[in-house]
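Work through the exercises below with the sequence and the model side by side, and try each task before reading its solution.

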Amino acid sequence: MINVLFVCHGNICRSPMAEFMFKSLVKEKGKEEFFNIESAAVSSEETGNPVYPPARQILSLHGISCSGKRARRIREDDYMHSDYIIAMDRSNMRYLERMLPSMDKTYLLMSFTGEDRDVADPWYTGDFETCFEDIDAGCRAFYSFLLKTHKELTDV
């Protein structure tokens with residue numbers, strides 16, 4: 001089982017979008033049984049809140065449901081149980097650096113695309129389409145990375 005945890009500031013926009021988009025992608029590829037995919041926040045300010053309505057809406061427009069998701073803060077045991085902790089931006093990485101025992105499992109999502117940049121933050125811009133496009137590109141590149149590093153994902 002490959003355990004993936006997507007992380008953003010509040011766990012109401014980008015990280016739950018990434019969680020459900022990646023779940024959709026691995027299901028489309030017929031590989032969902034190989035994965036446990038979750039998301040969490042580096043802060044506790046949104047804990048218990050549902051996915052932000054515009055984020056739910058953009059997912060829904062693309063046929064992806066995030067029904068029932070509630071924001072949660074990253075926990076100490078998340079590090080032990082995760083193979084990959086994927087942050088949406090550099091600010092999240094700085095928080096994770098203070099919260100986790102090591103950064104050896106942490107990655108910036110867009111780094112898988114070959115770009116050293118953050119996922120566009122729709123909280124400030126209101127541009128959920130650009131955010132969706134960034135996450136889609138990042139998730140697809142991350143999946144390609146996993147195909148190269150996890151032989152169990154490739155068809156024999």
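The exercises that follow concern a predicted model, and they deal with nonpolar cores, ring pairs and charges over rings.

**Exercise 1.** Find which residues of the largest nonpolar core touch the most other members, and find which element gives the most to this core.

*Solution.* Begin with the core itself, which holds 39 residues, and note that Phe6, Met17, Phe22 and Phe35 touch the most other members. Next, look at where the core comes from: β1 (2–8), α1 (14–28), β2 (35–41), α2 (53–61), β3 (84–87) and α6 (128–149) each supply at least two residues. Of the elements, α6 gives the most, with nine residues. Then turn to phenylalanine 22, whose contacts, leaving aside residues up to four places away in sequence, are Val4, Phe6, Phe35, Ile37, Cys139, Phe142, Tyr143 and Leu146.

**Exercise 2.** Describe the aromatic pair of tyrosine 84 and tyrosine 107, and decide whether each residue is buried or partly exposed.

*Solution.* A search of the whole structure finds 14 aromatic pairs. In the pair asked about, the ring centres of tyrosine 84 and tyrosine 107 are 5.8 Å apart and the planes meet at 40 degrees, so the pair counts as tilted, being neither under 30 nor over 60 degrees. Tyrosine 84 lies in strand β3 and tyrosine 107 in strand β4 (residues 106–108), 23 residues apart. Tyrosine 84 has a relative accessible area of 8% and is therefore buried, because the cut-off is under 20%. Tyrosine 107, at 26%, counts as partly exposed.

**Exercise 3.** Find which charged residues lie over the rings of tyrosine 95 and tyrosine 79.

*Solution.* Over tyrosine 95 sits the charged end of arginine 98, 5.0 Å from the ring centre. Over the face of tyrosine 79 lies lysine 105, at 4.4 Å from the ring centre.

Notes
Residues are numbered from 1 along each chain as its sequence is written. This is a predicted model: local features need pLDDT of at least 70, side-chain atom pairs count only at pLDDT 80 or more; totals for chains, interfaces and linings use all residues. Side-chain values use heavy atoms; hydrogens and water are left out. A nonpolar core is a set of buried Ala, Val, Leu, Ile, Met, Phe, Trp, Tyr and Cys residues joined through side-chain atoms within 4.5 Å. Buried means under 20% relative accessible area, exposed over 50%, partly exposed in between (1.4 Å probe, protein chains only). Helices (H or I, at least four residues) and strands (E, at least two) are DSSP runs, numbered from the N terminus. Contact means heavy atoms within 4.5 Å. Rings of Phe, Tyr and Trp (its six-membered ring) pair if their centres lie within 6.5 Å; planes under 30 degrees apart count as stacked, over 60 as edge-to-face and the rest as tilted. A charge sits over a ring if NZ of Lys or CZ of Arg is within 6 Å of the ring centre and within 35 degrees of the ring normal.
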